[in-house]
Amino acid sequence: MTGNVYRKRLAQVRAMMKSKKLDALIVPSSDPHLGEYVPDHWRVIRWLTGFTGSAGTVVITGSFAGLWTDSRYFIQAEDQLSGSGYELVRLKIPHTPEHIDWLREKCRKGWKVGVDGRLISVVQMRLLTSAMAESGARVNLRVDLITPLWNERPPLPDGEAFELDVKYAGISRREKLEKVRQIMVAMKVDFQFLTAVDDIMWLLNIRGNDVKYCPLLLSYALVGPGQVILFADDEKIPSPLKASLDRDGEV
């Protein structure tokens, strides 16, 4: 695609920002599981800017649009952002949210900063709200301006999950859960909520087809003293796997 396509999308986002009375918008590259490698449905930055790297953060204001990324992608980003309306901002330290420092300096009292709170960690949320408060700005964590604009957005993946045989996993899920619960008891924790998909795959000895080149099932899990609740698309769990999970106490 030519840069004109991305310039048009940038203009559309700015128009929506104006209608929502937002002075700045943050677009992370993660998904609700905060993964670096995500389904195409969540490759928002690629759609918005043309940058295809796996890690980055976009910040848009009325007069500036920039992509923060690390040294793995400097050459690639400079090439892919050419003519798009976005500037490359080189991260000095990988995985450090320097865009927050930039916003702290640029924001003015009364500014409203929007971000989709599903796509940032609690730590980043606290850093952001604290930094914006120093500038007199407010943060709206319920902002999704992309979905209304991305008409041909890829659907969420629908591939089936499958069980990883213990001969490959090394340890059965019951053994793993027993060890996790022992640590929970020692820490006086009644429940543990898991959001990292690779952790869930390891713990439950299951795999999926939701991310290219990564055998993951998009899911969450709640580990309790006598039960594990797996939160996932029911249609992606075939009957034999459901039966196996039920036998070991997961739903």
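Here a colleague asks a modeller about helix contacts and spaces in this predicted model.

Colleague: Let's start with α4 and α5. Why are these two helices called roughly parallel?

Modeller: The axes of α4 (residues 98-106) and α5 (residues 122-135) cross at roughly 15°. Angles under 35 degrees count as roughly parallel, and therefore α4 and α5 earn that description. Their axes come within 8 Å, and the crossing is right-handed.

Colleague: What makes this a contact between α4 and α5?

Modeller: Contact means heavy atoms within 4.5 Å. On the α4 side, I100, L103 and R104 take part, and they meet Q124, L127, L128, A131, M132, E134 and S135 of α5. By class, the residues of this contact are six nonpolar, two polar and two charged.

Colleague: Now to α7 and α8. How do their axes cross, and which residues of α7 and α8 meet?

Modeller: The axes of α7 (residues 173-186) and α8 (residues 197-204) cross at roughly 115° and come within 7 Å. From α7, R173, K176, L177 and V180 meet W202, L203 and L204 in α8. This contact has five nonpolar and two charged residues, with no polar ones.

Colleague: On to the empty spaces. What makes a space a cavity and not a pocket?

Modeller: In a cavity, a 1.4 Å probe fits but cannot get out, while a pocket is open. The structure holds one cavity of 30 Å³ or more. The largest cavity has a volume of about 130 Å³. Its lining has 15 residues, with V27, D116, L119, D144 and I146 the closest to its centre.

Colleague: Which strand gives the largest share of that lining, and how do its residues divide by class?

Modeller: Strand β1 (residues 24-28) gives the largest share, four residues. The lining of the largest cavity comprises ten nonpolar, one polar and four charged residues.

Colleague: And the second largest pocket: how much space lies in it, and which residues are nearest its centre?

Modeller: The second largest pocket has about 320 Å³ of space. Among its 26 lining residues, Y37, V38, P39, D40 and R43 lie nearest the centre.

Colleague: How many residues of that pocket's lining are nonpolar, polar or charged?

Modeller: The lining of the second largest pocket has 13 nonpolar, seven polar and six charged residues. Tyr, Val and Pro count as nonpolar, and Asp and Arg as charged.

Notes. Residues are numbered from 1 along each chain as its sequence is written. This is a predicted model: local features need pLDDT of at least 70, side-chain atom pairs count only at pLDDT 80 or more; totals for chains, interfaces and linings use all residues. Side-chain values use heavy atoms; hydrogens and water are left out. On a 1 Å grid over the protein atoms alone, a cavity is a set of points where a 1.4 Å probe fits but cannot get out, and a pocket is an open set with protein on both sides within 12 Å along at least five of seven lines; lining residues have an atom within 4 Å of a point. Grid points are joined across faces, edges and corners, and a volume is the space filled by probe spheres set on the points. Axes are lines fitted to C-alpha atoms, for helices over the stretch in contact, and angles run from 0 to 180 degrees between N-to-C directions. Angles under 35 degrees count as roughly parallel, over 145 as roughly antiparallel, 65 to 115 as roughly perpendicular and the rest as oblique. A crossing is left-handed if the near helix is turned anticlockwise from the far one by less than a right angle, and right-handed if clockwise.
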